[in-house]
Amino acid sequence: MNWTRSARAVLAFALLVVLHYTVRPLLGWRTPVDFLVIAVLLSAVRVRPGAAALIGFCTGLVADSLMPSAFGAGALAMTAVGATASWLKAVFFADNVVLHGFFFFVGKWAFDIVYVTAERRMRGVELATQLLLWSPLSAALTAVAGVILLLMLRPVLEPQAA
Amino acid sequence: MARAVRSGTRVDTALLVACCAMALLATVLPLNLREAIAGGLRRTVVAPLVSLQQQAERGRSAFLSREATTSRLDSISLRNMQLAKLESENERLRALLGLGRQLEWGFVSAEALRVTDIGEENTRTLTVGSRAGVEPKTPVVAPEGLVGMVLTVDPASSIAILWTHTDFAASAMSADRSAYGIVYPHLSESGRGEGTPPERYLLELRGVAFRSALKPGTPIVTSGLGGVYPAGIPIGSVLGELRTSEGWARTYLVRPAVRPPDVSNVIVLLPGKTKDQSLDRVWRSTVSADSAARRIAAAGDSIARRVAADSVRGAEAAAARRAADSVAKGVARPDTAVRAPARPATPRPGGRP
């Protein structure tokens with residue numbers, strides 16, 4: 001990975017983080033699009049699993065700082081998602097839009113499962129509703145947004161060789 | 001090569017395990033420690049993101065409250081518009097009260113309802129009729145002066161013509177009784193000269209003796225001649241002389257005291273009041289009566305009462321607070337709180353044993 005590609009990847013990552021803290025509160029949906037998961041997944045497939053885990057951990061910690069009651073849960077979930085995505089990139093990250101969408105969907109749902117479990121706040125019906133209804137819906141929206149963003153950011157992330 | 005790959009895998013695993021361990025550790029940290037770390041992050045690295053999030057949330061709440069704010073603004077504007085109308089109506093009613101107090105007896109107050117039909121703009125339907133003692137040709141007045149005359153009467157309502165009606169005529173004089181004439185509506189739609197707009201809602205004082213010259217601004221009142229209108233009701237004031245072909249009499253243009261659009265509440269003078277009565281003094285003292293009526297109304301104003309009650313309540317609360325403070329101080333300072341020992345009773349010189 002050369003420096004230009006690294007810089008572009010960092011720029012795309014920063015853009016997604018900014019989107020997470022601007023577009024998400026602006027929309028205020030019950031099933032929000034998780035731009036941080038998209039950012040971590042897109043970064044994870046470009047680095048080694050260890051680095052992906054570190055990126056996920058840092059991103060999760062930043063997200064957790066706004067919710068001290070669930071501090072650490074986001075970091076754990078992002079670490080797991082980032083590392084897993086990096087290990088499985090050869091399997092899932094083929095150049096296919098549908099597969100990309102599926103990748104984002106599974107990544108977000110997995111994040112929610114780890115997060116809600118580590119947070120230990122929800123129980124019973126509430127937990128089931130969250131994991132079987134709201135999380136898949138949020139994951140679907142994240143997948144759609146991720147695919148759209150990937151198509152938009154493709155020139156930045158994967159520049160044509162001269 | 002294989003060794004390098006193995007080493008890389010080991011580093012990856014170590015990083016993953018370390019990250020997971022730190023994340024798990026973070027979840028089990030005491031709340032105050034978690035809050036301290038999170039607060040540190042919020043104040044440093046995450047500060048720009050927190051600011052962005054706050055701005056976005058503020059934008060969203062502003063967007064959501066936009067419709068409610070708009071509708072609230074609309075309703076306030078509407079209420080404001082109605083307020084001006086209510087204020088003017090209130091003022092007219094107060095003036096009417098003052099006039100009624102001066103008249104003392106022989107009148108009924110009525111609402112003058114506007115007839116919307118074409119050609120009926122010079123008449124008003126009054127909400128009083130023969131049951132209230134109203135008869136045809138009884139004068140209709142307002143606090144400012146003469147409005148017109150009752151034309152037809154029904155048991156519960158009547159129809160009055162305004163001074164703008166073509167059938168209107170009233171015997172009039174200058175307030176100092178130096179000039180007499182007949183007042184008619186000024187029906188010319190053309191202006192007095194080039195550049196002046198057509199004159200509506202004006203009167204003409206016709207048949208004034210040639211020797212009686214009136215200056216602009218001279219008040220014109222009813223003269224009492226003719227038996228319909230009692231003397232002393234203001235009609236208007238002289239604007240200027242009109243040039244006519246008649247060489248033996250003068251005609252003056254008169255600005256009326258009452259504007260037809262303002263006619264909403266009126267007083268109908270009953271026949272007993274109009275016979276051989278001069279109402280000179282009534283309108284002369286109406287101005288002072290009006291101000292007196294305003295004072296009375298202000299004293300009875302519910303808002304004023306409420307403000308007064310609030311101020312009394314505030315004063316009572318302040319007094320109670322002061323009393324509580326002084327008691328507290330008394331408790332804090334035992335030397336003042338404890339009552340001084342009673343003096344031994346000394347017999348008064350003239351007292352009972």
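Trainee: Which residue stands opposite B:Tyr184 in S8(B)?

Mentor: That's B:Glu204. Keep in mind that we're looking at a predicted model.

Trainee: What makes S7(B) and S8(B) a pair of strands?

Mentor: The cut-off is at least two bridges found by DSSP. S7(B) and strand S8 (residues 203-209) of chain B are joined by four, so they count as paired. Their sense is antiparallel.

Trainee: How many bridges does S6(B) make with S7(B)?

Mentor: Four, again with the strands running antiparallel. Two bridges would be enough, so S6(B) and S7(B) pair as well. To find one spot on the model, go to B:Ala170, whose bridge partner in S7(B) is B:Val183.

Trainee: What links S6(B) to S7(B) in that hairpin?

Mentor: Five residues lie between the two strands. One to click on is B:Arg177 in the turn, with a positive phi of about 60°.

Trainee: Why do S6(B) and S9(B) count as paired?

Mentor: Strand S6 (residues 170-174) and strand S9 (residues 219-222) of chain B share three bridges. The rule asks for at least two, so this is a pair too. It is antiparallel, and B:Met173 stands opposite B:Val221 there.

Trainee: What do these strands of chain B build together?

Mentor: A closed barrel of six strands, in the order S6-S7-S8-S11-S10-S9, with antiparallel pairing. From one strand to the next, the twist averages 40°.

Trainee: How sure is the predictor about chain B?

Mentor: Mean pLDDT for chain B is 76, and 72% of its residues reach 70 or more. Residues 193-198 of chain B fall below 50, and beyond near neighbours in sequence that stretch has five contacts in the model. Residues 329-353 of chain B are also below 50, with three such contacts. Where pLDDT is low, don't read the predicted coordinates in detail.

Trainee: And which scores does the complex get?

Mentor: An ipTM of 0.86 and a pTM of 0.51.

Trainee: How many residues does each chain bring to the contact?

Mentor: Chain A gives 28 and chain B gives 27. On the chain A side, the elements giving two or more residues are helix H1 (3-27), helix H3 (49-64) and helix H4 (73-87). H3(A) has the largest share, nine residues.

Trainee: What classes of residue make up the side of chain A that touches chain B?

Mentor: There are 19 nonpolar, seven polar and two charged residues.

Technical notes
Residues numbered from 1 in each chain as written. Chains lettered and ligands numbered in written order. Predicted model: local features only at pLDDT ≥ 70, side-chain atom pairs only at ≥ 80, totals over all residues. pLDDT = per-residue confidence, 0-100. Contact = placed C-beta atoms within 7 Å. Nonpolar A, V, L, I, M, F, W, Y, C, P; charged D, E, K, R; others polar. Axes fitted to C-alpha atoms, helices over the stretch in contact; angles between N-to-C directions.
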